[in-house]
Amino acid sequence: MANAEQFFEALGDPTRRRIFEQLRSGPQAVVDLARIVPVSRPAVSQHLKVLKQAGLVVDAAAGNRRVYRIDPHGLGPLRAWLDQFWATNLDAFAAAVEKDETT
Amino acid sequence: MTVSTISPAAVRKSIVVKAPPARAFEVFTSGMGRWWPGSHNTQPSPITNVVIEPRVGGRWFSTHEDGGEADWGRVLAWEPPGRAVLGWQLNAEFQYDPDFITEVEITFTPQEAGTLVTLEHRNLERYGEAAERVRGMIDADGGWGGLLQLFGTEAEAAA
């Protein structure tokens with residue numbers, strides 16, 4: 001399952017961000033995505049693999065092509081977001097507890 | 001084409017604080033308004049306090065500078081100083097939805113150095129049942145679109 005670190009890393013790359021944003025308009029095949037980003041088709045496949053591991057996109061076979069789309073439920077990104085959200089909150093909580101203990 | 005349903009693992013976090021469990025429980029619950037990040041707000045008006053009514057069925061809500069209140073959820077289990085389960089009823093757009101509920105369980109375990117605090121936010125698959133709302137979160141300016149912009153800025157700063 002994706003964690004926040006994978007999520008940040010996946011979207012920290014401008015090419016992957018471009019691919020992800022492109023998929024917001026609908027499912028697309030690797031060959032189509034390769035036309036809109038200035039990298040080779042194998043490189044696009046590699047970027048998609050990273051996005052998939054981060055839980056941001058899912059893929060399916062359509063004939064002899066592989067079609068990618070944003071996780072239909074958006075749960076990968078949502079979960080990664082919540083992971084970060086609670087990490088921030090717990091840090092703030094710990095700081096409050098320890099401030100009390102030292103004053 | 002088949003699209004598999006994704007059932008995400010619960011979000012689990014833990015932290016050790018230098019205070020006994022009773023103190024940690026109290027700060028987490030009745031003191032939530034003192035540490036909750038102001039940026040994590042469901043309303044336009046700034047948060048003045050975050051209140052958890054200390055009983056099963058109690059409300060969990062924020063109060064705001066404009067005098068308003070905003071529900072977040074309710075207490076599902078209340079077992080000080082060891083455990084509490086809060087019903088998180090904010091949907092993917094951070095709006096209160098009485099028909100939507102996910103669970104946040106917090107435990108407080110004594111340790112030599114203080115207290116081990118664990119937090120588990122579960123039932124995340126229920127967000128999938130509200131797929132349209134999740135879609136809204138991805139598309140909204142303050143949602144994924146906004147986050148993507150942030151990543152862009154950070155990536156440029158790092159370059």
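In the predicted model, one cavity of 30 Å³ or more is present. The largest cavity encloses about 30 Å³ of space. Rolling a probe the size of a water molecule over the atoms shows where empty space is left. The lining of the largest cavity is drawn from both chains: Phe85(A) takes part from chain A, together with Trp36(B), His40(B), Asn41(B), Thr42(B), Trp72(B), Trp88(B), Leu90(B) and Phe94(B) from chain B. By residue class, this lining comprises six nonpolar and three polar residues, with no charged residue among them.

Trp88(B), one of the residues lining the largest cavity, is also among the contacts of His121(B). His121(B) is situated in strand 7 of chain B, which spans residues 114-122. With a relative accessible area of 0%, His121(B) is classed as buried because this value falls under 20%. Its side chain forms a polar contact of 2.9 Å with the side chain of Trp86(A). When neighbours within four places in sequence are left aside, the contacts of His121(B) in chain A are Leu82(A) and Trp86(A), while those in chain B are Ala10(B), Val11(B), Trp88(B), Thr102(B), Glu103(B) and Val104(B). His121(B) thus has contacts in both chains.

Chain B contains five helices and seven strands. Along the sequence these elements are arranged as β-α-α-β-β-β-β-β-β-α-α-α. Of the 159 residues in chain B, 48% are buried. Where contacts in chain B link residues at least 6 apart in sequence, 40% of them join residues at least 24 apart. The exposed surface of chain B is about 7800 Å², and carbon and sulfur atoms contribute 49% of that area.

Two backbone features of chain B were examined with reference to a general tendency. Most residues other than glycine have a negative phi, and most peptide bonds are trans. The peptide bond from Pro80(B) to Pro81(B) is cis, with omega near 5 degrees. Pro81(B) belongs to the loop that connects strand 4 (69-79) and strand 5 (83-88) of chain B. Asn123(B), a residue other than glycine, has a positive phi, near 70 degrees. Asn123(B) is placed in the loop between strand 7 and helix 3 (125-128) of chain B. The relative accessible area of Asn123(B) is 15%, which is under the 20% limit, and the residue is therefore classed as buried.

Chain A comprises five helices and three strands. From its N terminus, the order of elements is α-α-β-α-α-β-β-α. Buried residues account for 50% of the 103 residues in chain A. Among contacts in chain A with a separation of 6 or more, 53% are between residues 24 or more positions apart. The accessible surface of chain A amounts to about 4700 Å², with 48% belonging to carbon and sulfur atoms.

Helix 2 of chain A covers residues 14-23, and its buried residues are Thr15(A), Arg16(A), Arg17(A), Ile19(A), Phe20(A) and Leu23(A). An α-helix has 3.6 residues a turn, so residues three or four places apart point the same way. At the start of helix 2 of chain A, a side-chain oxygen of Asp13(A) comes to within 2.9 Å of the backbone nitrogen of Thr15(A).

Asp32(A) is located in helix 3 of chain A, which consists of residues 30-36. Its relative accessible area of 22% lies between the limits of 20% and 50%, and Asp32(A) is therefore partly exposed. A polar contact of 3.0 Å links the side chain of Asp32(A) to that of Arg35(A). Asp32(A) and Val67(A), separated by 35 residues in sequence, have C-alpha atoms 9.5 Å apart in space.

Val67(A) also appears among the contacts of Asp59(A), a residue of strand 2 (residues 57-62) in chain A. The side chain of Asp59(A) makes polar contacts with the side chains of Lys52(A), at 3.0 Å, and Arg66(A), at 2.8 Å. Beyond neighbours within four places in sequence, Asp59(A) is in contact with Lys52(A), Arg66(A), Val67(A) and Tyr68(A).

Conventions
Residues numbered from 1 in each chain as written. Chains lettered and ligands numbered in written order. Predicted model: local features only at pLDDT ≥ 70, side-chain atom pairs only at ≥ 80, totals over all residues. Heavy atoms only, no water. Helix = DSSP H or I, 4+ residues; strand = E, 2+ residues; numbered from the N terminus. Buried < 20%, exposed > 50% of the residue type's maximum accessible area, 1.4 Å probe, protein only. Polar contact = N/O pair within 3.5 Å; in protein donor to acceptor, adjacent residues only side chain to side chain. Contact = heavy atoms within 4.5 Å. 1 Å grid on protein atoms, 1.4 Å probe; cavity = no way out; pocket = protein on both sides within 12 Å on 5 of 7 lines; lining within 4 Å. Points joined across faces, edges and corners; volume = space filled by probe spheres on them. Nonpolar A, V, L, I, M, F, W, Y, C, P; charged D, E, K, R; others polar. Areas by Shrake-Rupley, 256 points an atom, 1.4 Å probe, with all protein chains shown as cover.
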